[in-house]
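Student: I would like to practise reading a structure from its overall fold down to single side chains. Could you take me through one?

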Amino acid sequence: MQSRMKNPAMVLPGAMQPIQELFKAVHSGGVSAETLELVHLRVSQINGCSACVDAGAKTARKAGVTDERLATVAAWREAPYFTEEERAALALAEAATRLADRADAVSDDVWDAAATYFDEKELAAIVLMIGVTNLFNRLNATTRQIAGAWG
């Protein structure tokens, strides 16, 4: 297996630094690292980005996510390992990633559930994590980045 090219954010000078600054901002938003990493992992699973799923699982483990939670994040609705806050963040992540799947992509019910547990700054961090993850998923999947190739 071989990638089509290097990650585009690494090819164009100045592209990676602003993305990394967004990640820094996301992690300063007050949401636990575990929740952010679960969101990243779930979005990457939905998009089929093997490089991000691989890297996300490793980063989530470093953030303290247990093996049970890593193994069941794709089935978080049926698994007993997630808090209500995490479930709300995961539901938001799924809805915001699958925008074309329904007319009201992110329903009021999904948003209101997340807003029950997270304030505006925390919601901003989660929404930015979803967006940046979707960006990387699209870059990596399009160029067929190889899982584990980033270290």
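Tutor: Happily; we will go from the whole chain to a few chosen residues. Please keep in mind that this is a predicted model.

Student: Let's begin with the fold. How many helices and strands does the protein chain have?

Tutor: A good habit is to count the elements and then read their order. Here the protein chain has eight helices and zero strands. Read from the N terminus, the order is α-α-α-α-α-α-α-α.

Student: And the overall dimensions? What radius of gyration does the protein chain have?

Tutor: The idea is to set the value beside what a compact globule with that number of residues would give. For 151 residues that expectation is near 15 Å, and the protein chain has 15 Å, so the two agree. The C-alpha trace spans about 40 × 30 × 30 Å along its principal axes.

Student: What share of the residues counts as buried?

Tutor: Burial is judged from relative accessible area, and under 20% is called buried. By that cut-off, 39% of the 151 residues of the protein chain are buried. For the surface, look at the exposed area: about 8200 Å², with carbon and sulfur atoms supplying 56% of it.

Student: What about contacts along the sequence, and charges?

Tutor: For contacts, ask how far apart the partners sit in sequence. Among contacts in the protein chain with a separation of 6 or more, 68% are between residues 24 or more positions apart. For charges, count each sign and then locate the two centres. The protein chain carries 15 positive and 19 negative side chains, and the centres of these sets are 12 Å apart.

Student: Now a single residue. Is Asn134 buried or exposed?

Tutor: We first place the residue, then check its accessibility. Asn134 sits in helix H8, which covers residues 120-142. Its relative accessible area is 9%, so Asn134 is buried.

Student: Which polar partners does the side chain of Asn134 have?

Tutor: With a polar side chain, look for partners on other side chains and on the backbone. The side chain of Asn134 makes a polar contact of 3.2 Å with the side chain of Thr97. A polar atom of the Asn134 side chain also lies 2.9 Å from the backbone oxygen of Ile130. Setting aside neighbours within four places in sequence, Asn134 touches Val43, Asn47 and Thr97.

Student: Where is Thr97, and what surrounds it?

Tutor: Looking from the partner's side is a useful check. Thr97 belongs to helix H6, residues 84-97, and is buried because its relative accessible area is 9%. Beyond neighbours within four places, its contacts are Val43, Ile46, Asn47, Ile130, Asn134 and Arg138.

Student: I would also like to try an arginine. Is Arg42 buried or exposed?

Tutor: The same two steps apply. Arg42 lies in helix H3, which runs over residues 33-47. With a relative accessible area of 9%, Arg42 is buried.

Student: Which side chains make polar contacts with the side chain of Arg42?

Tutor: There are partners in two places here. The Arg42 side chain forms a polar contact of 3.2 Å with the side chain of Gln45, and one of 2.7 Å joins it to the side chain of Glu94. Leaving out neighbours within four places in sequence, Arg42 is in contact with Val73, Ala74, Trp76, Leu90, Glu94 and Arg98.

Student: How do I read residues that are not buried? Let's return to helix H8.

Tutor: Pair accessibility with what lies around the residue. Val127 is in helix H8, and at 39% relative accessibility it counts as partly exposed. Outside its neighbours within four places in sequence, Val127 contacts Leu92 and Trp111. From C-alpha to C-alpha, Val127 is 8.9 Å from Val26, although 101 residues separate them in sequence. Glu120, also in helix H8, counts as exposed at 70% relative accessibility. Its C-alpha atom is 9.3 Å from that of Gly29, 91 residues away along the chain.

Student: One last feature: backbone angles. What is phi of Arg144?

Tutor: Check the sign of phi, and note whether the residue is glycine. Phi of Arg144 is near 55°, a positive value in a residue other than glycine. Arg144 lies in the segment after H8 and, with a relative accessible area of 49%, is partly exposed.

Key. Residues are numbered from 1 along each chain as its sequence is written. This is a predicted model: local features need pLDDT of at least 70, side-chain atom pairs count only at pLDDT 80 or more; totals for chains, interfaces and linings use all residues. Side-chain values use heavy atoms; hydrogens and water are left out. Helices (H or I, at least four residues) and strands (E, at least two) are DSSP runs, numbered from the N terminus. The radius of gyration is taken over C-alpha atoms; the globule rule is 2.2 Å times the number of residues to the power 0.38. Buried means under 20% relative accessible area, exposed over 50%, partly exposed in between (1.4 Å probe, protein chains only). Contact means heavy atoms within 4.5 Å. Accessible areas come from the Shrake-Rupley method with a 1.4 Å probe; for residues, only the protein chains shown count as cover. Lys and Arg count as positive and Asp and Glu as negative; His and the chain ends are not counted. The place of a charge is taken as NZ of Lys, CZ of Arg, CG of Asp or CD of Glu. A polar contact is a pair of N or O atoms within 3.5 Å; within protein, one must be able to donate a hydrogen and the other to accept it, and residues adjacent in sequence count only if both atoms are side-chain atoms.
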